[in-house]
Amino acid sequence: MTFRQARYDEPLVWELARRGGAANDAAATIPGIPERFRRAKAPDWPELSELEVVRHYTRLSQMNFGIDTSAYPLGSCTMKYNPKVSELLARRDGAAALHPYQPEETVQGALEILWRLETALAKITGLPEVSLQPAAGAHGEYAALLMIRAHIQERGELAKRTEVLLPDTAHGTNPASAAMAGFTTREIASVDGCVDVAALKAAVSDRTAAFMLTNPNTAGLFESQIGEIAETVHGAGGMLYYDGANLNAILGVTNPGRMGFDVAHLNLHKTFATPHGGGGPGAGVLAASDVLGPYLPVPRVRKTGRSFHLDYDRPKSIGKIKTGYGNFGLDLRAYAFLLTHGEEGLRHISRRAVLNANYLGQKLGKFLPRPFRTLVKHEFLLSGTPLKANGVRTLDLAKRLLDEGYHAPTIYFPSLVDEALMIEFPETESRRELDGFAAAFERAVTDTPEHLHAAPTATSVRRVDEVLAARQLHLSRKDLDLPQPS
């Protein structure tokens, strides 16, 4: 892959612009604005031509990675291409111009789409009750734990069931959500990358509220003892929570309900190809068993005869957790994705994702060791430990891949693997793309330590101190010590 170096000295729009021109006075010429609403002082807008604006923002877009221009091998993120037909549907006036507080009789089509999507997701997850309300995955996690808390409280056991168990492969949001819901957490060790069932059996007790697990897990391994795990947790009176981050690996093959989970959150931006990242938008769908279904947040979409409405009459519900109802634009995109693929198409998605991971894993395993078993599901792990002999870290290798035109993989997670790289290429990536990445990886991993330490050198911004950059964010050319425009 050839990566064209972008201009790294692109100025800020304020530095690019002229000031004090006609652009600042345009608002004063608009007729019909009452005097009391007019500014006392004209805003200091930058004066730019249309061409200057277009070129400026186009250049900025070329300084970043995007799924439309390069692959994202981020493990446990399932960075899929977002089909443009879904984007076109979501941007039509009938969808984009809806208001969440319109009268129900004016949004019957939207409510029907939500109802149909919930019905489809119930079948996919094997859990009968679905809510599209949560704004994102972690929001769904938190809501799920509030549902578990409410159920335990109704059973009269909240005083003693205060502990949530998590495997050492858990996503970081899992313990955070549990703590926010008022629980303490306890980590369960792994054996060969999967839950140590003996350790789990020793840990469960009448204090156990829930066990949080994703399957396949973040090592890309299917928890084959999931039946015994579910029996252990339920036998102790606890609930089993499914983190749906890795659902892409099992679509149409198995599901959380069949595995014995009581509640699950799904990420529409991962499995169902809606926009991902940038702080939003988000959709953290919740699916629940008959036992936990009554606690789902309000409102719920209901069908009565041929009409649809939002049902707030849910006495056991944890209540309203978001203004409006979910994120309709994301839901519509996901529904279009499901209709496009159909039931057999979803199974093909998982098969292709698993094939991609195993194909690429075999190629890259020639350069770095692969912990645990090599037959994986949707993603795989590598360990950069051998590089340490030459003073090279996994971070250096990840930075070097940026120079090849690829986003860096997930690194240093999960923590049970030293110098971990977690790599996932979803089903939307072709064999040609996989081969291209494998060739780039070989060039990077066999490069000199000096080049690896200096990487990246072909990107718009060179190597930075990530911790310092996060704490002291500088956005001006002067702060970055870049060449000043002539």
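**Salt bridges and unusual backbone geometry**

Arg161 is buried, with a relative accessible area of 5%. In this predicted model, Arg161 forms a salt bridge with Glu157, and the closest N and O atoms are 2.8 Å apart. A search of the whole structure gives 25 salt bridges. The points below cover some of these pairs, then two cis peptide bonds before proline and two non-glycine residues with positive phi.

**Salt bridges around Glu157**

- Glu157 is buried, at a relative accessible area of 18%, which falls under the 20% cut-off for that class.
- Besides its pairing with Arg161, Glu157 forms a salt bridge with Arg155, where the closest N and O atoms are 2.4 Å apart.
- Arg155 is partly exposed, with a relative accessible area of 32%, whereas Arg161 is buried at 5%.

**A salt bridge between two strands**

- Arg302 forms a salt bridge with Glu129, with 3.8 Å between the closest N and O atoms; the cut-off for such a pair is 4 Å.
- Arg302 belongs to strand β10 (residues 300–304) and Glu129 to strand β1 (residues 129–131), so this salt bridge ties together parts that are 173 residues apart in sequence.
- The relative accessible area of Arg302 is 25%, and the residue is partly exposed.

**A salt-bridge network**

- Lys123, Glu343, Glu344, Arg347 and Arg351 are joined into one network by salt bridges that share partners.

**Cis peptide bonds**

- Asn215 and Pro216 are linked by a cis peptide bond, with omega near 5°.
- Pro216 sits in the loop that runs between β6 (208–213) and α9 (226–235).
- The bond from Val298 to Pro299 is also cis, and its omega is near 0°.
- Pro299 is located in the loop between β9 (286–288) and β10, the strand that holds Arg302.

**Positive phi outside glycine**

- Ala273 is not a glycine, yet its phi is positive, at about 55°.
- The loop between α11 (268–271) and β9 contains Ala273, and this residue is buried, with a relative accessible area of 3%.
- Phe372 is another residue other than glycine with a positive phi, in this case near 65°.
- Phe372 lies in the loop between α12 (328–364) and β12 (380–383), and counts as partly exposed at 28% relative accessibility.

Methods: Residues numbered from 1 in each chain as written. Predicted model: local features only at pLDDT ≥ 70, side-chain atom pairs only at ≥ 80, totals over all residues. Heavy atoms only, no water. Salt bridge = Lys/Arg side-chain N within 4 Å of Asp/Glu carboxyl O. Helix = DSSP H or I, 4+ residues; strand = E, 2+ residues; numbered from the N terminus. Buried < 20%, exposed > 50% of the residue type's maximum accessible area, 1.4 Å probe, protein only.
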